[in-house]
Amino acid sequence: MINLSYNFSIMPKTKSAKKSLRKSRKRRIENLKIKEKIKKIKKEIKKLVQENRAEEAKKLLPLFYKALDKAAKRGTIKEGKANREKSKIAKLLSKLSQKEV
């Protein structure tokens with residue numbers, strides 16, 4: 001579950017600061033949703049790999065890549081992290097494929 005609470009000791013006073021706070025809250029919620037989606041797909045792929053179901057894991061791979069690329073494009077995560085995550089999962093799947101052969 002996503003923790004959406006904020007603890008502020010000083011609340012904004014000016015109109016622009018109040019708007020900035022509203023924007024940052026919305027962005028935080030959206031960013032957390034995106035990160036949760038990525039984690040969920042990654043967990044599912046890892047679970048499938050554990051169960052030696054490579055074909056089903058490979059079907060989820062494009063969805064995982066898409067989520068990472070979109071998050072990197074939006075600035076939710078950095079591009080390097082996205083590339084690293086894609087590389088890790090691809091390596092995991094290639095090891096599984098080599099075992100089967």
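In this predicted model, Pro 12 is in contact with Ala 17, Lys 18 and Leu 21 once its neighbours within four places in sequence are left aside. Pro 12 belongs to the segment that precedes helix H1, and its relative accessible area of 22% places Pro 12 in the partly exposed class, because the buried class is restricted to residues under 20%.

A second residue examined in this way is Lys 86, which is found in helix H3, a helix that covers residues 79-100. Lys 86 has a relative accessible area of 17% and is therefore classed as buried, the cut-off for that class being under 20%. With neighbours within four places in sequence again set aside, the contacts of Lys 86 are made with Phe 64, Tyr 65, Leu 68 and Asp 69. For Asp 69, the side chain is also joined to that of Lys 86 by a polar contact of 2.7 Å.

Attention then turns to the largest pocket, for which a volume of about 180 Å³ was computed. The lining of this pocket is formed by Ile 34, Lys 37, Ile 38, Leu 63, Lys 66, Ala 67, Lys 70, Ala 71 and Arg 74. Helix H1 (15-50) and helix H2 (54-74) each contribute at least two residues to this lining, and the largest share, six residues, is supplied by H2. When the lining residues of the largest pocket are sorted by class, five are nonpolar and four are charged, while no polar residue is present.

Note on methods
Residues numbered from 1 in each chain as written. Predicted model: local features only at pLDDT ≥ 70, side-chain atom pairs only at ≥ 80, totals over all residues. Heavy atoms only, no water. 1 Å grid on protein atoms, 1.4 Å probe; cavity = no way out; pocket = protein on both sides within 12 Å on 5 of 7 lines; lining within 4 Å. Points joined across faces, edges and corners; volume = space filled by probe spheres on them. Helix = DSSP H or I, 4+ residues; strand = E, 2+ residues; numbered from the N terminus. Nonpolar A, V, L, I, M, F, W, Y, C, P; charged D, E, K, R; others polar. Buried < 20%, exposed > 50% of the residue type's maximum accessible area, 1.4 Å probe, protein only. Contact = heavy atoms within 4.5 Å. Polar contact = N/O pair within 3.5 Å; in protein donor to acceptor, adjacent residues only side chain to side chain.
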